[in-house]
Each structure stands twice: as C-alpha cells, then as structure tokens.
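Welcome to a short set of exercises. Look over the sequence and the structure below, then try each task before you read its solution.

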4 protein chains.
Amino acid sequence: MKDTVIRMFSERGVDLGEVAELVLELQKPYHLTLSISECLENVEAVLQKREVQQAIITGIVLDTLAEQGLLPEPLQTLLVEDEPLYGVDEILALAITNVYGAIGFTNFGYLDKTKPGILRRLNSHPHQVHTFMDDLVAGLAAAASARLAHNLEKIVP
Amino acid sequence: MKDTVIRMFSERGVDLGEVAELVLELQKPYHLTLSISECLENVEAVLQKREVQQAIITGIVLDTLAEQGLLPEPLQTLLVEDEPLYGVDEILALAITNVYGAIGFTNFGYLDKTKPGILRRLNSHPHQVHTFMDDLVAGLAAAASARLAHNLEKIVP
Amino acid sequence: MKDTVIRMFSERGVDLGEVAELVLELQKPYHLTLSISECLENVEAVLQKREVQQAIITGIVLDTLAEQGLLPEPLQTLLVEDEPLYGVDEILALAITNVYGAIGFTNFGYLDKTKPGILRRLNSHPHQVHTFMDDLVAGLAAAASARLAHNLEKIVP
Amino acid sequence: MKDTVIRMFSERGVDLGEVAELVLELQKPYHLTLSISECLENVEAVLQKREVQQAIITGIVLDTLAEQGLLPEPLQTLLVEDEPLYGVDEILALAITNVYGAIGFTNFGYLDKTKPGILRRLNSHPHQVHTFMDDLVAGLAAAASARLAHNLEKIVP
C-alpha cells in the first residue's frame with residue numbers, strides 16, 4: 001500500500017523530496033547537522049503507517065474526483081472552491097500528525113498557515129484541486145518532524 | 001445545508017427518529033422522564049453544526065460512490081469490504097462527537113461495538129455500502145447524548 | 001520512564017496482567033488462539049510510547065493529589081466526585097488510544113461504558129480516587145487491542 | 001465556573017484583552033472592520049463552554065503546582081523544564097480548539113510556533129511555569145477565531 005501512496009502522490013505532482021524539504025526547514029534550527037536524506041527517511045517511515053496511508057488515499061481520491069467534476073453537490077462545490085470553513089481536510093491531516101503524538105500539531109498549523117515550498121504551489125494551482133492535498137502534505141511533514149524529534153530527543157517548538 | 005443532510009440520510013435509509021431512539025436508549029437510565037421528542041430535538045440541534053454536516057456529507061458521498069463502484073482502487077475495495085483496519089470512518093465520526101466534548105466518546109464506542117437498532121440494520125445490509133454511515137450515525141447519536149447531558153447537567157455512563 | 005509508569009500503576013493497584021485480560025476479552029472472538037501473554041506483550045509495547053507514558057503519569061498524579069485533598073478548587077471536587085461532565089480524563093485516554101489510530105476508539109468506549117474486570121473495581125473503590133485511572137486503563141487496553149489487530153491484520157469490530 | 005476561569009487567568013497574569021489581541025491579529029486580514037471588542041466577545045463566548053473551562057482549570061492547576069514544586073517526579077521536572085516532547089499541554093489545547101471544529105487547528109499551531117504578544121511573555125517568564133498556559137491561551141485564541149469565522153462565514157488562514 002505504501003507504493004500506492006507514493007504513486008498517487010507522484011501522479012498529483014507531489015515529490016517526497018519536497019516534503020522532506022519542509023521537514024528540514026522545520027527541524028534545521030534544532031539539529032544543525034540534519035541532512036535532507038534523514039528527513040526523507042522519516043517521511044518514508046511515516047508512510048509505512050496504515051492509518052497514514054488510508055487518510056492520504058481517501059483525501060487524494062476526493063481531490064481527484066472533485067477535479068473531474070464527479071462528486072455530488074454540495075461536496076463538489078465545497079472542494080473545488082476550497083471553502084475555508086470546510087474542515088474535513090484538517091481532520092484527516094490531524095489523523096496523520098497524531099500518529100507521533102500531539103507535539104506535531106504545532107508544526108502542522110504553522111505549515112498550513114505559512115504555506116512554504118510545495119504547499120504554496122499546491123495551494124495556488126490554477127486548474128488542479130488540492131483541497132485535501134495541501135493539508136495531507138503539511139500533516140505528513142509535521143508527523144515526520146515529530147518522529148525525528150522523538151528519535152533525536154530534541155524538538156521543534 | 002441541514003436540509004441536504006437530512007435528505008441524504010433519508011435517501012440512504014436513515015430516519016432521524018431511529019437515531020433519536022439510540023439516544024433514548026443511552027440516556028433513559030439517567031433521565032427517567034426523557035421523551036423521544038427531546039432526543040430528536042437534540043439530534044436536530046447537532047445537525048445544525050457545520051462541521052457535523054460536512055463530515056456526514058463527505059462520508060455518505062464516499063459510501064455512495066463505493067456502492068456504485070466508482071472509486072479508484074484501493075479505496076473501492078477498502079470501503080466495499082468495510083475493512084476493519086480502515087479508520088477514516090471512525091475519524092469522521094469522532095469529529096462529530098467532538099463537537100460536544102470528550103464525554104461523547106464513550107457512547108460512540110459503545111454504540112459502534114454493540115450495534116443496537118438501526119446500526120445493526122445498516123451494518124448487515126446485503127447490497128448497500130454503509131462503511132461510513134454506521135459510524136456517522138453512532139457519532140451523531142453520541143453527540144446528541146452529550147448535548148442532552150450538558151443541558152440536563154447529568155450524564156451517560 | 002516505562003518503569004516509572006509500571007511502578008505508578010502498581011502503587012495505584014493496577015496490575016498489567018489485568019489490563020492484558022481486558023485485551024484478551026476484546027480480541028478473543030477474533031483470534032481464537034490468542035494467549036494472555038501475547039496480550040501482555042502488546043500492553044507493554046504500548047507503554048514504550050512516550051506520549052502514552054506522559055498521559056498516564058499526568059493522570060495518575062491528578063488522581064493521587066485529589067485523593068490526598070491537595071488540589072485547589074474547583075478541580076478537587078470535580079475529581080473526587082468523578083463529575084460525569086468532566087472530560088479531561090477521556091481526552092487523555094484518547095491520546096493513548098490514538099497512538100495506534102482511530103480503530104481503537106470503539107474498544108475504548110465499549111470498555112469505558114461496560115466497565116469489565118479491573119475497571120469495575122477501580123470505578124467503585126470506596127476511598128481511592130480513580131477518575132483518570134479507569135479511563136487510562138481503558139485507553140491502554142484499547143490501544144493494545146489496536147496494536148495487536150494491526151499486527152495480526154484482523155480486528156475487533 | 002466561567003468566573004473562576006477568568007480569576008485564575010488573572011492570577012496567572014493573563015488578561016483576556018491580550019487574548020483578544022491575538023484573535024484580532026489572526027482575523028484582521030480577513031475582516032478589515034473587525035474590532036477588539038468583537039474579538040473579546042468571542043473569547044468570552046468560548047469560555048462559556050464547560051469542556052473549555054475544565055481544560056483550562058486542569059492545565060493551570062498543573063502549572064501552579066509545578067511552580068510551587070509540589071508535583072511528584074518525573075512530572076515536576078517535565079513541567080518545570082517545559083520539556084519539548086511533553087505533549088499533554090498540546091492535547092488540552094486541542095480539546096479547546098476542537099469545540100469549534102477542525103478549522104481552528106491551523107491557527108493554534110501558528111500561534112504556538114510564532115508566539116506573538118502575550119505568548120512570548122508567558123513563554124519566557126523567568127520564574128513562573130507556564131508549560132500549559134501558553135498552549136491554553138493559543139488554543140483559546142484559535143477557538144475564538146474559529147467561532148468568529150463560523151459566524152462571519154469567512155475565515156483564516
């Protein structure tokens with residue numbers, strides 16, 4: 001199933017290296033020698049978790065069906081317009097972040113608000129629907145940061 | 001949007017009166033004079049909440065698309081087989097229950113495990129897919145119980 | 001820290017073998033050959049998780065201080081009376097259950113409502129305060145069940 | 001109980017006006033005419049919620065006991081050192097934010113990471129322990145923002 005998730009990310013324009021860059025940006029201040037490959041390793045480890053895979057697959061399917069205009073209303077419009085009061089995307093993202101405990105929530109929120117790197121590109125894509133994707137990626141990067149911090153016994157704010 | 005939710009429930013065979021019966025069963029031991037109409041009133045009040053509406057609409061759309069065979073794999077199979085390790089349905093249900101605080105979680109779990117009333121019917125339907133629906137209904141009944149308890153200053157288990 | 005948690009459990013009258021019995025009761029119907037030692041092994045594995053340790057330590061400290069009458073009001077009264085609308089105990093329990101994903105929520109709620117085995121004893125103790133403890137134990141048993149199910153690829157309802 | 005919470009905030013050096021300023025900073029870009037008094041009104045409305053009151057009271061009691069050196073180890077040290085891997089403070093904060101749905105999580109994380117206004121003061125106090133308080137305040141401000149957004153049909157981030 002992990003391979004399926006990586007393939008789906010790739011088809012939707014998300015490269016795991018870019019997710020690792022988010023982790024590096026978050027954690028670099030606390031671990032000066034942190035490398036991008038360690039970050040990628042942590043992203044990949046998070047993707048081993050079944051509940052993470054399920055949340056990602058479910059969210060990407062909803063984005064894709066919305067992009068193809070195949071969802072019934074009112075869901076179709078909620079997703080295409082990325083309605084700010086629609087919260088199911090955040091709910092799935094938090095289920096991902098949760099896997100390494102509550103310390104990841106802070107980084108999820110920070111990424112979701114400031115939209116660095118790949119998150120900005122996803123969020124401003126002119127034709128694609130990434131209502132779920134940007135939150136899933138932020139949740140994944142936050143979970144990988146939390147995992148890294150738990151392993152290194154040191155962390156993000 | 002509340003009307004949309006009620007219509008979607010109805011199209012999928014869920015009558016709010018049956019949801020109210022779950023609430024009555026949960027709360028009767030603590031409020032001897034509780035009536036089914038008070039329970040229904042609390043179910044309807046929970047349905048006013050936007051985040052509840054969104055979770056229900058999203059879950060029902062996924063059930064319906066799975067029933068029509070329109071979801072891409074591996075999500076299609078996960079939902080049709082109601083894979084026990086798939087947890088996104090519980091995640092959405094908890095987002096509903098959450099709206100009235102953590103005291104609703106206990107009732108959600110109890111309903112989801114014992115499957116009384118309408119939950120049994122949904123869960124054993126031969127042709128329909130109710131992977132999300134049974135959890136959504138249990139979450140809704142648990143939230144209505146929590147709301148009722150908060151208002152009556154007395155509660156569940 | 002795991003040793004500290006086990007010691008605190010023991011000082012408060014909770015034996016991990018009894019927690020394992022809750023897991024066995026939950027999972028036996030799905031795994032006919034499941035042994036109590038496998039259940040205990042899963043309980044111990046959950047206790048390795050830092051966020052689980054923190055939630056348990058925090059909850060037990062609050063119970064103990066309440067029992068000694070050392071908490072300021074109104075918290076002292078909320079805990080001693082195990083006020084049914086107080087939800088922080090459920091919140092900590094869910095943080096434990098969460099570690100193995102949403103599939104554990106159902107079992108947490110079921111245990112918390114039906115109070116089998118050690119949970120009944122904790123909940124009806126005449127002098128001790130176990131406002132947090134019964135939820136922590138239910139959350140731990142639910143998490144261990146979820147872990148076991150994830151490993152065995154088969155699960156609880 | 002709301003009065004108790006406001007009194008406890010005040011005793012710990014938290015003025016609700018400063019919490020309202022966090023809300024104003026978060027929401028101003030989306031509601032140009034938003035006033036500080038509307039923000040304060042939303043903060044006060046969030047404080048009416050019982051589960052919010054309970055989380056705040058529980059967290060402040062833990063901070064205060066830690067400051068007085070009255071907690072048993074290892075909790076005493078975890079709180080005094082504001083151990084970054086301790087996540088129970090975030091868990092309580094999210095229980096607050098949750099009350100208005102998942103849309104508040106983003107703002108919680110952003111505040112918790114960037115520590116504007118009162119959060120910086122709390123976080124860098126030389127003698128007082130605010131391990132819980134800074135998260136509780138960030139959670140409260142995020143919940144008030146979500147409430148405001150739900151009412152104004154427009155939102156953050």
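A residue counts as buried if 20 or more other C-beta atoms lie within 10 Å of its own, as exposed if 12 or fewer do, and as partly exposed in between. Keep in mind that you are looking at a predicted model.

**Exercise 1. A helix with a buried face**

Task: Find which residues of helix 3 of chain B are buried, and work out how they are placed around the helix axis.

Solution:
- Step 1. Go to helix 3 of chain B, which covers residues 36-46. Its buried residues are Cys39(B), Asn42(B), Val43(B) and Val46(B).
- Step 2. Look down the axis of helix 3 of chain B: the buried residues fall within an arc of 100°, so they line one face of the helix.
- Step 3. Recall a general rule: an α-helix has 3.6 residues a turn, so residues three or four places apart point the same way.
- Step 4. Now look for the partners. The buried residues of helix 3 of chain B pack against three elements of chain B: helix 2 (16-27), helix 4 (50-67) and helix 9 (133-152).

**Exercise 2. The fold of one chain**

Task: Describe chain A by its secondary structure, its dimensions and its buried share.

Solution:
- Step 1. Count the elements: chain A has nine helices and zero strands. Along the sequence, this gives the pattern α-α-α-α-α-α-α-α-α.
- Step 2. Compare the radius of gyration with the globule rule. For chain A the radius is 15 Å, close to the 15 Å that the rule gives for 157 residues, so the chain is as compact as a globular protein of that length.
- Step 3. Take the box along the principal axes: the C-alpha atoms of chain A fill roughly 50 × 30 × 25 Å.
- Step 4. Check the interior: 57% of the 157 residues of chain A count as buried.
- Step 5. Turn to the contacts in chain A between residues at least 6 apart in sequence. Of these, 74% join residues at least 24 apart.

**Exercise 3. Chains D and A**

Task: Find how chain D is related to chain A, and say what makes up the side of chain D that touches chain A.

Solution:
- Step 1. Begin with the general idea: two copies of a chain are related by a rotation about an axis and a shift along it.
- Step 2. Apply it here. A rotation of 180° with 0.0 Å of shift along its axis places chain D on chain A, with an RMSD of 0.0 Å. This is the relation of a two-fold axis. Both copies use the same surface, as 100% of the contact residues of chain D recur in chain A.
- Step 3. Count the residues: 21 of chain D are in contact with 21 of chain A.
- Step 4. Name the helices. On the side of chain D that touches chain A, helix 6 (88-97), helix 7 (105-114) and helix 9 (133-152) of chain D each supply at least two residues. The largest share, eight residues, comes from helix 7 of chain D.
- Step 5. Sort this side of chain D by residue type: 12 nonpolar, six polar and three charged.

**Exercise 4. Chains C and A**

Task: Do the same for chain C and chain A, starting from the rotation that superposes them.

Solution:
- Step 1. Chain C is superposed on chain A by a rotation of 180° with 0.0 Å of shift along its axis, and the RMSD is 0.0 Å.
- Step 2. Which residue of chain C comes closest to the rotation axis? It is Val99(C), whose C-alpha is at 2.7 Å.
- Step 3. The contact takes seven residues from chain C and seven from chain A. On the side of chain C, two are nonpolar, three polar and two charged.
- Step 4. The copies meet through the same surface, because 100% of the interface residues of chain C are also interface residues in chain A.

**Exercise 5. Unusual backbone angles**

Task: Examine the peptide bond before Pro74(A) and the phi angles of Asp82(A) and Lys115(B).

Solution:
- Step 1. Know the usual case: most residues other than glycine have a negative phi, and most peptide bonds are trans.
- Step 2. The bond from Glu73(A) to Pro74(A) is cis, with omega near 5°. Pro74(A) sits in the loop between helix 4 (50-67) and helix 5 (75-80) of chain A.
- Step 3. Asp82(A) has a positive phi, near 45°, and belongs to the loop between helix 5 and helix 6 (88-97) of chain A. It counts as partly exposed because it has 15 C-beta neighbours inside 10 Å.
- Step 4. Lys115(B) has a positive phi of about 50°, in the loop between helix 7 (105-114) and helix 8 (118-123) of chain B. With 16 C-beta neighbours inside 10 Å, Lys115(B) is partly exposed.

Definitions and conventions. Residues are numbered from 1 along each chain as its sequence is written. Chains are lettered from A and ligands numbered from 1 in the order in which they are written. This is a predicted model: local features need pLDDT of at least 70, side-chain atom pairs count only at pLDDT 80 or more; totals for chains, interfaces and linings use all residues. Copies are superposed by least squares on the C-alpha atoms of residues with pLDDT of at least 70 in both. Two residues are in contact if their C-beta atoms, placed from the backbone, lie within 7 Å. Helices (H or I, at least four residues) and strands (E, at least two) are DSSP runs, numbered from the N terminus. Ala, Val, Leu, Ile, Met, Phe, Trp, Tyr, Cys and Pro count as nonpolar, Asp, Glu, Lys and Arg as charged, and the others, Gly among them, as polar. The arc is that of the directions from the helix axis to the C-beta atoms. The radius of gyration is taken over C-alpha atoms; the globule rule is 2.2 Å times the number of residues to the power 0.38.
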